[in-house]
Number of protein chains: 2
Amino acid sequence: MSRVLLTGASGFLGAHTLAPLTEAGHEVHAIACAEPPSGAAREGVTWHRLDLTDARAAEALVSEIAAERLLHLAWYVEHGRYWQAPENVAWVEATLRLLRAFAAAGGRRAVMAGTCAEYEWSQAEAYDERTAPLAPATMYGVAKHATHLVAEHFAANAGVELAWGRIFMPYGPGERGERLVPSVIRALLAGHDAPVSDGAQERDFMYAEDVARAFTAILDSDVQGAINVASGRCCTIREMVTLLAEALGRPELVRWGAVSTRRGDPPRLVADVRRLRREVGFTPRVELEDGVGRTVDWWRTRS
Amino acid sequence: MSRVLLTGASGFLGAHTLAPLTEAGHEVHAIACAEPPSGAAREGVTWHRLDLTDARAAEALVSEIAAERLLHLAWYVEHGRYWQAPENVAWVEATLRLLRAFAAAGGRRAVMAGTCAEYEWSQAEAYDERTAPLAPATMYGVAKHATHLVAEHFAANAGVELAWGRIFMPYGPGERGERLVPSVIRALLAGHDAPVSDGAQERDFMYAEDVARAFTAILDSDVQGAINVASGRCCTIREMVTLLAEALGRPELVRWGAVSTRRGDPPRLVADVRRLRREVGFTPRVELEDGVGRTVDWWRTRS
């Protein structure tokens, strides 16, 4: 049990992380840029409202909390824009400043969210953290990769343990409505057409609760360096959309090929998860079909 | 002629850059973290005192100056410490913030100081900007490399031209007294022993005025991307120290081998300067023997 500083706590993955962190016995200081979501009150969690890009406010709060562990999930994530947005640069700065302040306040172990977008995207085999080439094609991927380079060297010099969790394709309750899985669910729930690409792209989907549990397990381990946070299961977009349409009983509303794939969209993004399984000892709990059902149910209660 | 924002203006290389910038007709806004050095007043130069790591003050001043061009030479340079110091991380942040503020204020072209420490240091051939592997071994090199990655992607998206000048071994008047060339000169001028290594390391020395002229030429060109700022001439430390000792007439005071080489010190660091010569059209003016003489003379007037 230790004091954990959690950033992005009201975000998609952050919100799912509160349960496993408190269940592991941690005293959680949850940072969010807005008011905590209603119903977010939870024993063992103290909420702080903070814009991490505000240098002085961030340094003051991180120093005051003086956490032993840091789980940094916050970043700029506006759908569509975040791939190339200049805000990524401000988040490089905010993340490095956060890590410096955490170390200065006596922090011992940090886990930060990286991304599969750090990899060179034309690889056919599963991405291995130690051998896959890093050549990000997007501002988002470059910003995360550069942050990792600096953070890792700084942490080693400062005597802080650092793990860098590269997230692939999380999905589940609370995901932004414009993204693939929620947009299909919302269209079909409303009885509208769901325009999608031909769906041939292969992806590595992981249910959000499993992503949250994986990050908690990494935080509680002594693993350092880059580690993929993914299921290791290859699933095409077509398979995912078909599962969603079946769960909602509206396969006729899916308009295959109505959307062209985004320029530069990689054909295959699947993780090698041996590090996560063997070194952290983590295995996902939620199968794809189950996760899809739960996600659909969550959207039903909100429509 | 355009308005140029020069950072690090009171530093070793910055101070040498004021002359070529104003001679090229630029209106220079010189930023320094301390009072301008005495005698620094010069027609065409407006001085501003600013700590670039102070986020709000930096954003306000850069916005107010609204320069068309940026020459960013400032960085953390405390002798001995800068290779691994955590301050490098704050300078990643300060540099990216500076570039964002410059672009937001309408800036069109930025030239920033990189370093030969970005390269993987075991190469035997001259370092070519386009083919030499980048694998920095130090916090300083990692910080510069990561800054370049983010800055280049951001600038391309923002419509700002960016050149990244990788400096090798500048020497000349105004260099910090603890560094190799000044420390040997000062010892011999005082009649003390000058302990040095065996001097076998090969380096690429460039006289500070030439470095300053090269940066000015790059700023006035349309070259983008990484470009070595160096002489292309291979010179051992032994040759340099021998020249210094001869200029001072005290070769008997040099204690060869009295200092062990720094761990990780590369045997050979020489630049391929074809880009600087052909694309920028720049050739150094000051030969090594002449530069050594001028540097020794400068220290004589101060002892």
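**A tour of helix packing and the chain A–chain B contact**

Start in chain B. Select Phe12(B), Leu13(B), His16(B), Thr17(B), Pro20(B) and Leu21(B) in helix 1, then add Ala208(B), Glu209(B), Val211(B), Ala212(B), Arg213(B), Thr216(B) and Leu219(B) in helix 6; these two sets of residues meet each other. By class, this contact of helix 1 with helix 6 in chain B has 8 nonpolar, 3 polar and 2 charged residues. The model on the screen is a predicted one.

Now show the whole of both helices: residues 12-23 of chain B for helix 1 and residues 208-219 of chain B for helix 6. Their axes lie 8 Å apart and the packing angle is about 60 degrees. Helix 1 of chain B and helix 6 of chain B are therefore oblique to each other. Their crossing is right-handed.

Next, display both chains in full. A turn of 180 degrees with a shift of 0.0 Å along the axis lays chain B on chain A, with an RMSD of 0.0 Å. The two copies are thus related as by a two-fold rotation axis. Both copies use the same surface, in that 100% of the contact residues of chain B recur in chain A.

Stay with the contact between the chains. Chain B puts in 24 residues and chain A puts in 24 residues. About 2000 Å² is buried between chain B and chain A, and carbon and sulfur atoms give 67% of this area. On the chain B side, select Glu93(B), Val150(B) and His153(B): these lose the most area to chain A, together 25% of what that side buries.

For the last stop, select residues 87-104 in chain A and in chain B, which is helix 3 of each chain. How far apart are the axes of the two helices, and at what angle do the helices pack? The axes are 9 Å apart and the angle is about 155 degrees. An angle over 145 degrees counts as roughly antiparallel, and helix 3 of chain A and helix 3 of chain B are therefore roughly antiparallel to each other. The crossing of these two helices is left-handed.

To see the side chains, select Val89(A), Ala90(A), Val92(A), Glu93(A), Leu96(A), Arg97(A) and Arg100(A) from helix 3 of chain A, and Val89(B), Ala90(B), Val92(B), Glu93(B), Leu96(B), Arg97(B) and Arg100(B) from helix 3 of chain B; these residues make the contact. Colour them by class: the contact has 8 nonpolar, no polar and 6 charged residues.

How values were computed. Residues numbered from 1 in each chain as written. Chains lettered and ligands numbered in written order. Predicted model: local features only at pLDDT ≥ 70, side-chain atom pairs only at ≥ 80, totals over all residues. Heavy atoms only, no water. Axes fitted to C-alpha atoms, helices over the stretch in contact; angles between N-to-C directions. Helix = DSSP H or I, 4+ residues; strand = E, 2+ residues; numbered from the N terminus. Parallel < 35°, antiparallel > 145°, perpendicular 65-115°, else oblique. Left-handed = near helix turned anticlockwise from the far one by under 90°. Contact = heavy atoms within 4.5 Å. Nonpolar A, V, L, I, M, F, W, Y, C, P; charged D, E, K, R; others polar. Least-squares fit on C-alpha atoms with pLDDT ≥ 70 in both. Buried area = accessible area lost by both parts, 1.4 Å probe.
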